[in-house]
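Got a minute for a quick tour of this protein? Have the sequence and the model side by side before you read on.

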Amino acid sequence: MYILKAQNTFDSAHFLSNYNGKCRNIHGHTWTVHAEVGSETLKESGEFKGMVTDFGDLKKDLKEMLDYFDHALIIEENSLRKETLENIVQDGFKVITIDFRSTAENFSKYFYDKLEEKGYNVRKITVFETPTNSATYER
């Protein structure tokens with residue numbers, strides 16, 4: 001199995017609603033995402049002969065996914081009162097509402113699925129929310 005690895009980061013704020021700990025407060029992370037894609041064989045002809053895929057394409061696709069979340073307040077649907085959310089948005093802040101809890105575990109599956117949708121043979125995605133704490137999703 002040939003395995004390619006790429007990584008990138010994004011900075012964002014979030015909170016965990018209905019959580020009895022420090023993370024129930026709005027706080028930020030520099031999230032680091034490690035993507036691994038692979039293949040049993042290399043391309044046999046054309047521009048990408050001898051490759052699994054072009055590193056440049058993998059890096060670009062990963063960066064585009066992460067840039068979407070960069071410097072945003074990530075909010076799980078229905079975790080804030082409607083009026084609170086409206087006021088934050090009206091004040092001009094970048095807010096992204098997602099339909100899952102914003103944990104490293106859930107982000108690892110989310111990014112796995114997104115890269116797979118782009119046609120990559122994803123092996124695993126690891127998401128670090130701190131330099132020493134991470135979650136991995138693989139099939």
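Below is a short run through the annotated positions, a histidine pair and the aromatic residues.

Keep in mind that this is a predicted model. The unreviewed UniProt entry lists C23, H71 and E129 under "active site", and two of those positions, C23 and H71, get a closer look here. After that come H14 in strand β1 and the aromatic pairs, of which the whole structure has 15.

**Annotated positions**

- C23 sits in a loop, with β1 (2-14) before the loop and β2 (27-39) after it.
- C23 counts as partly exposed because its relative accessible area is 25%, and the buried class stops under 20%.
- Setting aside residues up to four places away in sequence, C23 touches F15 and L16.
- H71 is also a loop residue, found between α1 (55-69) and β3 (72-76).
- With a relative accessible area of 58%, H71 is exposed, since the cut-off for that class is over 50%.
- Once neighbours within four places in sequence are left out, the contacts of H71 are D11 and K94.

**H14 and its surroundings**

- Is H14 buried or exposed? H14 is buried, because its relative accessibility is 2% and anything under 20% falls in that class.
- The H14 side chain makes a polar contact with the side chain of H29, at 3.2 Å.
- H29 is also one of the residues that H14 contacts beyond four places in sequence. The full set is N25, I26, H27, H29, W31, L73, I74 and S102.

**Aromatic residues**

- A search of the whole structure turns up 15 aromatic pairs.
- Y68 and F69 make up one such pair, an edge-to-face one with 5.0 Å between centres and 80° between planes.
- The two partners are not equally accessible: Y68 is partly exposed at 48% relative accessible area, whereas F69 is buried at 0%.
- F100 and F107 are edge-to-face too, with centres 5.4 Å apart and planes at 90°.
- In this second pair, F100 is buried with a relative accessible area of 13%, and F107 is buried at 0%.
- Which residues form one aromatic cluster? The members are F10, W31, Y68, F69, F100, F107, Y110 and F111.
- W31 links two of these topics, as a member of that cluster and as one of the contacts of H14.

Definitions and conventions. Residues numbered from 1 in each chain as written. Predicted model: local features only at pLDDT ≥ 70, side-chain atom pairs only at ≥ 80, totals over all residues. Heavy atoms only, no water. UniProt positions renumbered as here; feature names shortened; annotations may be inferred. Helix = DSSP H or I, 4+ residues; strand = E, 2+ residues; numbered from the N terminus. Buried < 20%, exposed > 50% of the residue type's maximum accessible area, 1.4 Å probe, protein only. Contact = heavy atoms within 4.5 Å. Polar contact = N/O pair within 3.5 Å; in protein donor to acceptor, adjacent residues only side chain to side chain. Phe/Tyr/Trp six-rings, centres within 6.5 Å; stacked < 30°, edge-to-face > 60°.
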